[in-house]
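Q: Please take a close look at a single part of this structure, the lining of the largest cavity. Which classes of residue make up that lining, and what surrounds it in the rest of the chain?

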Amino acid sequence: MLLAIGIFGYIQYLSVSDLHVSIIQSKVVDRNDTGTLYSLQLQFNNPSLLFLNVGKTNFVVSANGENLGSGVLQPSVIPALGKTVAQTPFLADTTVLNKYNNANSVPSLKLTGTSQYNVLFATVSIPFTYYPTQDEARAFIDGT
C-alpha cells in the first residue's frame, strides 16, 4: 500500500513538473518615466489528477534577455486536470519597454518563475518557463 502511494505521488510529481503557464492578458494601468504598471493575468494548467494548492509564486518577465520586472502571485488552488487564472499587478521598467514601443521588431519575451505546491504531505518547488508568441509579445509591450 505504501509503495502504491509512493508511485502515485511520484507520477503526480512528474505531471506537476510539466505545468503549463501562459500570459492571457496584460493591460497597462499606469505609465510614468520609471515604471509601467500592468494588470497581468496568468493561466496555470494542471495536468495532474490532484488538486494543487499553489503557494506564493515568484516570476520574472524579460525582453531579449533584459529584465523587465518581477511579480508575485498569491496562493491559489488549481483543480485536477483543470486550469485557473490568477491576476496580479506587475511593474515593468519603462526604460526597457521604451526600446520596444512602436518598434518594427518584436522582442523575444520570456516568463520564468517558481511555484510552490503542497502535494500530499510535501511542499514541492517547480520552476516554469513560458515564451509568448510574437503576437502575445507585441500585445504585452503595447499593453493591450
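A: By class, five nonpolar residues and five polar residues line the largest cavity, and no charged residues do. The model is a predicted one. The residues in the lining are Phe44, Val54, Gly55, Thr57, Leu73, Gln74, Ser76, Ile78, Thr84 and Ala86. Three elements give two or more residues each to this lining: strand E3 (52-63), strand E5 (76-78) and strand E6 (83-93). The most comes from E3, which gives three residues. The volume of the largest cavity is about 40 Å³. With a threshold of 30 Å³ or more, the count of cavities is one.

Two of the lining residues, Thr57 and Leu73, also belong to a strand pairing. E3 pairs with strand E4, residues 66-73, in the antiparallel sense, and the pairing runs over seven bridges. Within this pairing, Leu73 in E4 is the bridge partner of Thr57.

E3 and E4 together form a hairpin, with two residues between them. Asn64 lies in the loop between these strands. The phi angle of Asn64 is near 50°, which is a positive value in a residue other than glycine. Asn64 counts as partly exposed because its relative accessibility is 47%.

A similar description can be given for the loop between E5 and E6, where Leu81 is found. Leu81 has a phi near 50°, again a positive value in a residue other than glycine. The relative accessibility of Leu81 is 57%, so Leu81 counts as exposed; the cut-off for exposed is over 50%.

E3 can also be followed outward to another strand. Gly113 is placed in strand E7, residues 109-119. Leaving aside neighbours within four places in sequence, Gly113 is in contact with Asn58, Phe59, Ile126, Pro127 and Phe128. Of these contacts, Asn58 and Phe59 have numbers that fall within the range of E3, 52-63. Gly113 has a relative accessibility of 12% and therefore counts as buried, since buried means under 20%. Gly113 and Tyr130 are 17 residues apart along the chain, and their C-alpha atoms are separated by 9.1 Å.

Tyr130 appears again in the surroundings of Ser22. Ser22 lies in strand E1, residues 20-31. Not counting residues up to four places away in sequence, Ser22 touches Gln41, Leu42, Gln43 and Tyr130. With a relative accessible area of 9%, Ser22 is buried.

The whole chain gives the setting for these parts. The protein chain has three helices and eight strands. Read along the sequence, their pattern is α-β-β-β-β-β-β-α-β-β-α. The chain has 144 residues, of which 43% count as buried. Among contacts between residues at least 6 apart in sequence, 66% join residues at least 24 apart. The chain exposes about 7,900 Å², and carbon and sulfur atoms supply 55% of this area.

Methods:
Residues numbered from 1 in each chain as written. Predicted model: local features only at pLDDT ≥ 70, side-chain atom pairs only at ≥ 80, totals over all residues. Heavy atoms only, no water. 1 Å grid on protein atoms, 1.4 Å probe; cavity = no way out; pocket = protein on both sides within 12 Å on 5 of 7 lines; lining within 4 Å. Points joined across faces, edges and corners; volume = space filled by probe spheres on them. Helix = DSSP H or I, 4+ residues; strand = E, 2+ residues; numbered from the N terminus. Nonpolar A, V, L, I, M, F, W, Y, C, P; charged D, E, K, R; others polar. Pairing = 2+ DSSP bridges. Buried < 20%, exposed > 50% of the residue type's maximum accessible area, 1.4 Å probe, protein only. Contact = heavy atoms within 4.5 Å. Areas by Shrake-Rupley, 256 points an atom, 1.4 Å probe, with all protein chains shown as cover.
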